[in-house]
Amino acid sequence: QVQLVESGGGLVQAGDSLRLSCAASGRTFSYNSMGWFRQAPGKEREFVAAISGSGGSTSYADSVKGRFTISRDNAKNTVYLQMNSLKPEDTAVYYCAADKFPGTSSRWNLENEYDYWGQGTQVTVSS
């Protein structure tokens, strides 16, 4: 049974940093793209960042580019999201997602590209 478990969320002030982790179990995702999405209250879930299986390619939403960094450690079957210079508008539940296949980078921003999802971790940024 595949499980993705996010951790690292919390309450921080604007300008602070957080690092989210997503630990996968049940299968290896070393060859598969993985991504982060978020959902703010009253809004639809949106793409944040994605990374290729090797970690050599990444993609970011414009709203987080330059502030967030996605990375992965395939030995630990874990993907990370380093979030710096956090803003109140970054407040959301953050979800980790994994593709069954290597994936297509042009589709990384689409929810239906991913087959597995975590339960989410809350990030709250106060002003």
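How many bridges join strand 7 (residues 68-73) and strand 8, and in which sense do the two strands pair? In this predicted model, strand 7 and strand 8 pair in the antiparallel sense, over 6 bridges.

**Strand 8 and its partners**

Strand 8 spans residues 78-83, and 5 of its 6 residues are buried. Strand 7 and strand 8 form a hairpin, with 4 residues between them. The turn of this hairpin includes N77, whose phi is positive at about 55°. Within the pairing, R72 has V79 of strand 8 as its bridge partner.

Strand 8 also pairs with strand 3 (residues 18-25); these two run antiparallel and are joined by 6 bridges. Here C22 stands opposite V79 in strand 8. V79 is thus named in both pairings: as the bridge partner of R72, and as the residue opposite C22.

**Strand 4 and its partners**

Strand 4 covers residues 34-39 and is mostly covered, with 5 of its 6 residues buried. One of its pairings is with strand 5 (residues 46-51), in the antiparallel sense over 5 bridges. R38 has E46 in strand 5 as its bridge partner. Strand 4 and strand 5 form a hairpin with 6 residues between them, and G42 in that turn has a positive phi of about 75°. Strand 4 also pairs with strand 9 in the antiparallel sense, over 6 bridges. In that pairing F37 stands opposite Y95 of strand 9.

The pairings are listed below.

| Strands | Sense | Bridges |
|---|---|---|
| strand 3 and strand 8 | antiparallel | 6 bridges |
| strand 7 and strand 8 | antiparallel | 6 bridges |
| strand 4 and strand 5 | antiparallel | 5 bridges |
| strand 4 and strand 9 | antiparallel | 6 bridges |

**E113 in the loop after strand 9**

Strand 9 (92-98) and strand 10 (116-117) are linked by a loop that contains E113. Is E113 buried or exposed? E113 counts as buried because its relative accessibility is 10%, and the cut-off for buried is under 20%. Leaving aside residues up to four places away in sequence, E113 touches D99, G103, T104 and R107. With R107 there is also a polar contact between the two side chains, at 2.8 Å.

Terms used. Residues are numbered from 1 along each chain as its sequence is written. This is a predicted model: local features need pLDDT of at least 70, side-chain atom pairs count only at pLDDT 80 or more; totals for chains, interfaces and linings use all residues. Side-chain values use heavy atoms; hydrogens and water are left out. Buried means under 20% relative accessible area, exposed over 50%, partly exposed in between (1.4 Å probe, protein chains only). Two strands pair if DSSP finds at least two bridges between them. A polar contact is a pair of N or O atoms within 3.5 Å; within protein, one must be able to donate a hydrogen and the other to accept it, and residues adjacent in sequence count only if both atoms are side-chain atoms. Contact means heavy atoms within 4.5 Å.
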